[in-house]
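Have the sequence and the 3D view open? Let's take a friendly walk through this one, a stop at a time.

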Amino acid sequence: MTHFSEPPKKSLGQHFLHERGVIDKIILAIDPRPGDRIVEIGPGQGALTLPLLARHGALTAIEFDRDLLVPLAAAASDVGRLTLVSADALNVDLTALAQGEPIRLVGNLPYNVSSPILFHALDHAAAIRDMHFMLQKEVVDRMAAAPGSKVYGRLSVMLQAYCRVTPLFKVPPGAFRPPPKVDSAVVRLVPRAEAEIGIADRARFAAVVRAAFGQRRKTLRNALNGVADAAAIEAAGLEPGLRAEQVDVAGFVRLANLPTA
Ligand code: SAM
C-alpha cells in the first residue's frame, strides 16, 4: 500500500476527501465517456484520481505539492495511465494542454485559490468541454446567484456570462480530512459557445462588471463613473439609478458592447 507520509498542508488548502459515497457521486456527475480527456486540478492523495482512473483508464492531473507526486504516481501505477503535471494550475496553459480537443476539467479545488483558478479556466474556456469542481458552498452559491440575491455579484456575472452554472450537491465538512470549517458543494460549469456569449471585448466586459460591483451600494451612474456615462447606461436599456445587483448578465453584456466615446 502506498504511504503518503507528509501531513496535510494548510497553506495549499489540503483537505482530502475520504467518503466513498461523495467520491462516487462526483464520478457519477462527471459521467466519463470513452475518449474523454479528463484533467484534474489538485489530485492530492488521489481520493478522486484513483477511482476515476480505475473507471476511465487514463487522466492528467496537475498538482502543486511535489511531496505528493511520487506516492501518487506509485498508487496509480497499477490502476491506469496517470500523467502528472508538477505545476501551479494557474501557470498551466490549458489551451495548449488540450491540443485542439476540449478537455473535461475536474477537481476538489484548494479553496484559498479557487476564484483565481475559476478565472484562469474562463480564460481557456474555448478549450474546455465542461468542469466539475468541489468548492466552498458559499462560492457555489455566489456563482449561481440570480440578480436581486444578496450574493449576486462579480463572480455570478463573470461565470454565468461564459458558462452554464449548475450546482449539484452539498458536501459536509466531515467528508474531508482534516475537515474544513465550511460546507462544500459540487458544481458543473459548461462553457457557452462564442455566439451565445455575445461579448465583443472581454477586457471591457470585465472592467464594466468590476467597476459596477466595486461599489455595490452605489447606483450604476456613480459606480460606473469614468467607465460608462448615464447616456450609455440608458442606451443599454438600463436605468442609471439601478444598483449592479439588480442588473442581469444580458444587461452587462449590452452595456459593455456599446461603443465607447
Ligand atoms: N483531490 C484531492 C482530494 O479530493 O482529496 C485533494 C483536494 S485538496 C482540497 C486540494 C489539492 O490541490 C491539494 O492536493 C493541493 O496540494 C493542490 N493544490 C493547491 N494549490 C494548487 C495549485 N495552485 N495548483 C495545483 N494544485 C494545487
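What follows is a short tour of the ligand's surroundings, an annotated domain, three helices and two backbone details.

## Before we start

Keep in mind that what you're looking at is a predicted model.

## Around the ligand

Start by finding the ligand. Its shell is made of 23 residues, and the closest ones are Gly 42, Gly 44, Ala 47, Asn 108 and Pro 110. If you want to see which strands help out, look at strand E1 (16-17) and strand E3 (58-63): each gives at least two residues to this shell.

What kinds of residues are these? Sorted by class, the shell around the ligand contains 13 nonpolar, seven polar and three charged residues.

## The annotated domain

UniProt, in an unreviewed entry, marks residues 22-193 as "domain: Ribosomal RNA adenine methylase transferase N-terminal". Over that stretch, helix takes up 33% of the chain and strand 29%. Pick out the C-alpha atoms at its two ends and you'll find them 31 Å apart.

## Three helices that meet

Now for some helix packing. When two helices pack, people describe the pair by the angle between their axes and by the distance between those axes. Let's do that for H7, H9 and H12.

First up, helix H9 (residues 202-214) packs against helix H12 (residues 249-257) at about 120°, and their axes are 9 Å apart. Because of that angle, H9 counts as oblique to H12. Who touches whom here? On the H9 side you'll see Arg 204, Phe 205, Val 208 and Val 209, and they meet Phe 252, Val 253, Leu 255 and Ala 256 of H12. This contact of H9 with H12 has seven nonpolar residues, one charged residue and no polar ones. The crossing of H9 past H12 is right-handed.

Next, bring in helix H7 (residues 154-162). Its axis and that of H12 come within 9 Å and cross at roughly 85°, so H7 is roughly perpendicular to H12. Val 157, Gln 160 and Ala 161 of H7 make this contact with Val 249, Phe 252 and Val 253 of H12. By class, that's five nonpolar residues, one polar and no charged ones. Phe 252 and Val 253 may ring a bell: they also belong to the H12 side of the contact with H9.

How do H7 and H9 sit against each other? Their axes come within 9 Å and cross at roughly 155°. Angles over 145 degrees count as roughly antiparallel, so that label fits H7 and H9. The crossing of H7 and H9 is right-handed. Here Arg 154, Val 157 and Met 158 of H7 meet Val 209, Arg 210 and Phe 213 of H9. The contact of H7 with H9 has four nonpolar, two charged and no polar residues.

## Two backbone details

Which peptide bond is cis? Look at the one joining Arg 177 and Pro 178, where omega is about -15°. You'll find Pro 178 in the loop between strand E8 (176-177) and strand E9 (184-191).

The other stop is Asp 31, in the loop between helix H1 (20-30) and strand E2 (38-41). Its phi is near 50°, a positive value in a residue that isn't glycine.

Terms used. Residues numbered from 1 in each chain as written. Predicted model: local features only at pLDDT ≥ 70, side-chain atom pairs only at ≥ 80, totals over all residues. Near = placed C-beta within 6 Å. Helix = DSSP H or I, 4+ residues; strand = E, 2+ residues; numbered from the N terminus. Nonpolar A, V, L, I, M, F, W, Y, C, P; charged D, E, K, R; others polar. UniProt positions renumbered as here; feature names shortened; annotations may be inferred. Axes fitted to C-alpha atoms, helices over the stretch in contact; angles between N-to-C directions. Parallel < 35°, antiparallel > 145°, perpendicular 65-115°, else oblique. Left-handed = near helix turned anticlockwise from the far one by under 90°. Contact = placed C-beta atoms within 7 Å.
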